[in-house]
Amino acid sequence: MIAPSILAADFSRLGELVREVTKAGADRIHVDVMDGHFVPNLSMGSVVVKGLRPVTTIPLEVHLMVEDPGRFLDGFVKEGADTLIVHLEVLADPRPMLEHIKKALGKKVGLAFNPDMPVERIEPYLRDIDLALCMTVFPGFGGQAFIPDSLERLKKLRALVNEHNPACEIEVDGGIDARTIGAAAAAGANVFVAGTAVFGAPPGPAAALQNLAKLAGSRSGERPV
């Protein structure tokens, strides 16, 4: 499954580009939210989700790369987010927030962790989440190179997911392109966040997305906008 990251999109054409990748077979749209504290960059807020919700029927997943994710949950849900992904690094005990997202807000929940966090740290929470996001770069900026050690980390994560919650998706984010997506899939990932590799590709977003889906071994079909 391919999740185009709009962080790499031309914001003057955002609606048009999201319609294009939706029609080309994108499985979801990935919205990177940065607060300038947890990561050294600022990005978009819930107003972007509000603008995109009428544009596409596929899920909008919000990746909260922020120090205090609880401040932002209600706003993104109100504007139409389908999945909320929070970082393990900022939560001493993520269980209350994971439960709040699933039960009180009625949304899917993901738990992300950075390349310097041991994979085993996510194990106690795998039964509580719909998605485990293994960062394959340090978050904060698009266009970074895939960290090679990530493949071993993905293999460990796949083994843990298979043991505790086989329905949990394994998503990768960072440096995913035509050169890395096949290896990431072989290591156990089944959802691939791609920004520059989709929106910055010379053939255009639709062709790039369909090529990535093919390389990942996933199906890519035409969808109505």
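In this predicted model, helix 1 is followed by G25. The phi of G25 is positive, near 115°. Helix 1 itself spans residues 14–24.

Six positions of this helix are named here by their burial. L14, L17, V18, V21, T22 and A24 are the buried residues of helix 1. Around the axis they cover an arc of only 165°, so they lie on the same side of helix 1. The buried residues pack against two strands, strand 1 (2–4) and strand 2. They also pack against helix 2 (46–52), helix 7 (196–199) and helix 8 (205–216).

The pairing with helix 8 can be described further. Two packed helices are described by the angle between their axes and the distance between the axes. For helix 1 and helix 8, the angle is about 35° and the axes are 9 Å apart. On the side of helix 1, the contact is made by L17, E20, V21 and A24. Helix 8 contributes P205, A206, L209 and Q210. Helix 1 passes helix 8 in a right-handed crossing.

Strand 2, against which the buried residues of helix 1 pack, covers residues 29–34 and holds H30. In an unreviewed entry, UniProt lists H30, D32, H63 and D173 under "binding site". These residues are spread over 144 residues of sequence, yet they cluster in space. The largest C-alpha distance among them is 10.5 Å.

H30 has a relative accessibility of 0% and therefore counts as buried, the cut-off being under 20%. Beyond its neighbours within four places in sequence, H30 is in contact with residues from several parts of the chain numbering. Among them are A3, P4, S5 and I6. E61, H63, I85 and L133 are also in contact with H30, as are E171, D173 and V193. Two of the listed binding-site residues, H63 and D173, are thus in this set.

H63 is found in strand 3, which covers residues 60–65. H63 also counts as buried, because its relative accessibility is 0%. With neighbours within four places left aside, H63 is in contact with H30, V31, D32 and V33. Further contacts of H63 include I85, H87 and A112. L133, M135 and D173 are in contact with H63 as well. The annotated residues H30, D32 and D173 are therefore among the contacts of H63. Between H30 and H63 there is also a polar contact, made side chain to side chain at 3.3 Å.

Conventions: Residues numbered from 1 in each chain as written. Predicted model: local features only at pLDDT ≥ 70, side-chain atom pairs only at ≥ 80, totals over all residues. Heavy atoms only, no water. UniProt positions renumbered as here; feature names shortened; annotations may be inferred. Helix = DSSP H or I, 4+ residues; strand = E, 2+ residues; numbered from the N terminus. Buried < 20%, exposed > 50% of the residue type's maximum accessible area, 1.4 Å probe, protein only. Contact = heavy atoms within 4.5 Å. Polar contact = N/O pair within 3.5 Å; in protein donor to acceptor, adjacent residues only side chain to side chain. Arc of directions from axis to C-beta. Axes fitted to C-alpha atoms, helices over the stretch in contact; angles between N-to-C directions. Left-handed = near helix turned anticlockwise from the far one by under 90°.
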